[in-house]
Amino acid sequence: MKQHLDSSALFHLAMMNEDWLNTYRFSITLKEKVDPAKLQQCVDTLLSKYPMICCKIKHNFFHHYTEPLTDLIIQEDTHPLLRSVNYPNIHNQAITILYDENTIILEAFHAITDGYGATTFLKELLHLYTVDTLDTQTTQPKISFTYDSFQQHKHHSKTKKVYTTEQGKFFKFHKRDNQHPILATTLEMEIQQVKQVAKQYQCGINDLIITLFYRAILNAYDTKNKTISIQIPVNLRNHFPSDSLLNFTLCFITKLQHAYKELSLPEMIQHIQAQTKQFNTKEYFEKEITKVAKPQSNAFIKYLPLKMKTSFVKYYYLLAKEPSCLTITNLGKMDFLDKRTNEQIEHMDVILSPRYHTPYNCGVISINDILHINITHDQNDVLIEEIKKQFMELGISINCYRY
């Protein structure tokens with residue numbers, strides 16, 4: 001059965017090439033060694049229930065779409081990081097399930113689903129693997145939540161509020177070298193320590209993390225006469241009703257001028273908090289959803305040849321000159337369907353592919369009082385060392401792991 005992708009997926013498909021594909025990797029490290037035979041049985045059981053996730057990417061003259069996989073064979077994790085799903089193999093499968101010793105891994109192409117969809121699938125997979133029996137799951141109905149939430153909520157915003165776009169010169173990291181492997185470093189810390197520091201500065205954990213990244217960039221790089229910008233993805237299901245497992249995530253942009261380098265930490269946090277309060281609202285995202293969904297519902301654009309559509313999207317992105325140098329995706333605390341599953345998990349990671357132009361990206365996730373900040377990068381680890389320093393200066397203990 002063919003399934004059209006959501007309105008935002010066109011960007012991921014338009015930008016992909018032999019050197020870059022927007023993918024992510026969830027890994028769940030268990031307290032005991034993985035049983036591959038049992039894991040395969042669990043994947044087989046869920047295959048028909050999640051056809052929108054266990055799928056491959058196809059296209060015709062006008063559109064990309066997905067087709068469900070007839071099988072999804074788990075693999076031992078012998079691939080380079082974030083390379084088990086690659087271009088053009090997404091036409092065979094856009095997701096892989098891997099294992100390594102005591103770790104279960106999902107790697108997927110972002111066009112098929114976002115973090116919400118991926119973790120929905122993973123929660124049931126882990127529940128099935130750790131707690132439930134296969135027999136009780138096979139009779140459950142299929143999930144058919146595959147509508148395009150962007151089109152559902154594309155009504156025009158009634159607000160007259162104007163959101164200005166800052167002009168000027170934006171700071172950029174060095175360009176990504178496609179010949180070098182993708183690396184990632186995990187900063188592990190106790191979430192209670194981070195919460196205590198955030199409480200001390202009267203902010204949330206996410207605002208604290210974003211601010212410390214800004215301070216790290218200001219300290220580690222020459223940002224004179226430039227504005228630093230960090231992009232923050234938001235699960236739009238927090239603002240609009242949706243149970244679809246297709247993508248329903250958009251971003252807002254935070255900014256900090258070089259002149260703000262002399263601000264104290266509390267002042268810088270307040271500056272970031274003000275931007276979050278301004279942009280992470282239903283009012284703001286009503287406008288953003290319309291920008292994404294309205295063009296694709298236009299009859300002329302809808303039946304424009306696919307090659308022309310993807311070319312327009314790609315060249316528009318390149319000409320617009322993306323202002324942000326980094327994305328910080330915080331998926332928050334993971335709670336599985338049964339506390340017995342949580343008890344069998346040591347920790348979780350989410351690693352994002354490098355940005356289109358730069359080697360850096362960041363995924364944040366926590367479970368069982370352990371917070372992991374996973375930073376994608378290349379051989380240059382100046383930023384990593386500075387970020388570690390920022391946390392440690394606040395009295396937060398860090399364990400560091402390199403993928």
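Trainee: What is the bridge partner of Q3 in β4?
Mentor: That's T66. Bear in mind that the model is predicted, with residues numbered from 1 along each chain as its sequence is written. Local features need pLDDT of at least 70 and side-chain atom pairs pLDDT 80 or more, while totals for chains, interfaces and linings use all residues; side-chain values use heavy atoms, leaving out hydrogens and water.

Trainee: What makes β1 and β4 (64–68) a pair?
Mentor: Pairing takes at least two DSSP bridges between two strands (E runs of at least two residues, numbered from the N terminus). β1 and β4 are joined by two, in the antiparallel sense, so they count as paired.

Trainee: Why are β1 and β3 called edge strands?
Mentor: The open three-stranded sheet has the order β1-β4-β3. β1 and β3 each have a single partner strand, so one side of each lacks a neighbour in the sheet.

Trainee: Which strands are the edges of the five-stranded sheet?
Mentor: β5 (75–76) and β12 (345–352), each pairing on one side only. That open sheet is ordered β5-β6-β7-β2-β12, with mixed pairing.

Trainee: How many bridges join β2 to β7?
Mentor: Seven, between residues 23–30 and 103–109, and the two strands run antiparallel. Y24 in that stretch stands opposite A108.

Trainee: Which strands does helix α3 lie across?
Mentor: β2, β6 and β7. α3 (residues 115–130) is a helix by DSSP (an H or I run of at least four residues), and runs at about 25 degrees to β2. Helix α2 (residues 36–46) lies across β6 and β7, at about 160 degrees to β6. Those angles, on a 0 to 180 degrees scale, compare N-to-C directions of lines fitted to C-alpha atoms, for helices over the stretch in contact (heavy atoms within 4.5 Å).

Trainee: Why is K49 with E124 called a salt bridge?
Mentor: The definition wants a side-chain nitrogen of Lys or Arg within 4 Å of a carboxyl oxygen of Asp or Glu. Here the closest N and O atoms are 2.8 Å apart, so the pair qualifies. K49 sits in the loop between α2 and β3 (55–59) and E124 in α3, so they tie together parts 75 residues apart in sequence.

Trainee: How many salt bridges does the whole structure have?
Mentor: The search finds nine.
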